[in-house]
Amino acid sequence: GRPAAALRGLTGETHRRARRGGSPGACRATRREPIPVGAGRTARRRRTLACMTASADLAALAARTWERTLELNPTLATVYGDERYDDRLDDPGPVGRAARRALADETLAAADAIPATSLDEEDRITRDLLRLTAATEIADDEARMDLIAAVQQQGHQSLLPEIVQFQKADTPERLERLLARLAAYPAVAESVIGLMDEGRAA
């Protein structure tokens, strides 16, 4: 929820900027830097290409991270109107936890590999948000925030009443996806019970 909300808004704008030819602001800033004697236009072209490549890499990373976030959080995808995962529920168990941690590790490493000096101000904000959301996910995983006790107002017990407010079932295909999602609920409940047992034993 928390990382996904930050990611959603930045992916579209990052892609639009990349399609317009990278990060023109960064390229302009780079062109104002002193050019070594004899380097001339070749050095300028290389620096311009580097900043455009960095912006394109960032756009691809943001899109890839968002797509994987939706896949690992299918109920979130439903809330945002993406019906591709309407037949499943989030996996709170060890497999789902490992997948979310892997995504966070990969995103942080990929964002760190993109040089901030080759990005303009807006792209640097995007990069910082990717790093922040990934680092937050890693910190939550290290702290085992998934073991925090459930409360009456939120948790798996309120999931289905909430999700049916967003999920459509007005066609046979959509109804089938909803029924498949409902059928997946017992497994989710078992995973949550396992986490509660683990938390009590910790």
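Helices here are DSSP runs of H or I at least four residues long, and strands are runs of E at least two long, numbered from the N terminus. This is a predicted model, in which local features need pLDDT of at least 70 and side-chain atom pairs count only at pLDDT 80 or more, while totals for chains, interfaces and linings use all residues. Residues are numbered from 1 along each chain as its sequence is written, and side-chain values use heavy atoms, leaving out hydrogens and water.

On that basis, the protein chain has nine helices and zero strands. Of its 202 residues, 35% are buried, where buried means under 20% relative accessible area, exposed over 50% and partly exposed in between (1.4 Å probe, protein chains only).

**Salt bridges**

A search of the whole structure turns up 15 salt bridges, each a side-chain nitrogen of Lys or Arg within 4 Å of a carboxyl oxygen of Asp or Glu. Here are three of them:

| Pair | Closest N to O |
|---|---|
| E71 and R68 | 3.1 Å |
| R174 and E83 | 2.7 Å |
| R144 and D146 | 2.9 Å |

E71 and R68 sit three residues apart in helix α3, which puts about one helical turn between them. E71 is partly exposed at 35% relative accessible area, and R68 is partly exposed too, at 32%.

R174 and E83 make a longer link along the chain: R174 lies in helix α8 and E83 in the loop between α4 and α5, so the pair ties together parts 91 residues apart in sequence. R174 is buried at 18%, while E83 is partly exposed at 26%.

**Helix α8**

R174 also brings us to α8 itself. Its buried residues are R174, L178 and R181. Seen down the helix axis, they fall within an arc of 60°, so they line one face; the arc is that of the directions from the axis to the C-beta atoms. That buried set packs against α4 (74–79), α7 (159–163) and α9 (185–201), with contact meaning heavy atoms within 4.5 Å. Turned away from the buried side are the exposed residues P172, E173, E176 and A183.

**One aromatic pair**

The whole structure holds one aromatic pair. The rings of W66 and Y80 have centres 5.6 Å apart and planes at 50°, so the pair is tilted. Rings of Phe, Tyr and Trp (its six-membered ring) pair if their centres lie within 6.5 Å; planes under 30 degrees apart count as stacked, over 60 as edge-to-face and the rest as tilted. W66 is buried at 10% relative accessible area, whereas Y80 is partly exposed at 28%.
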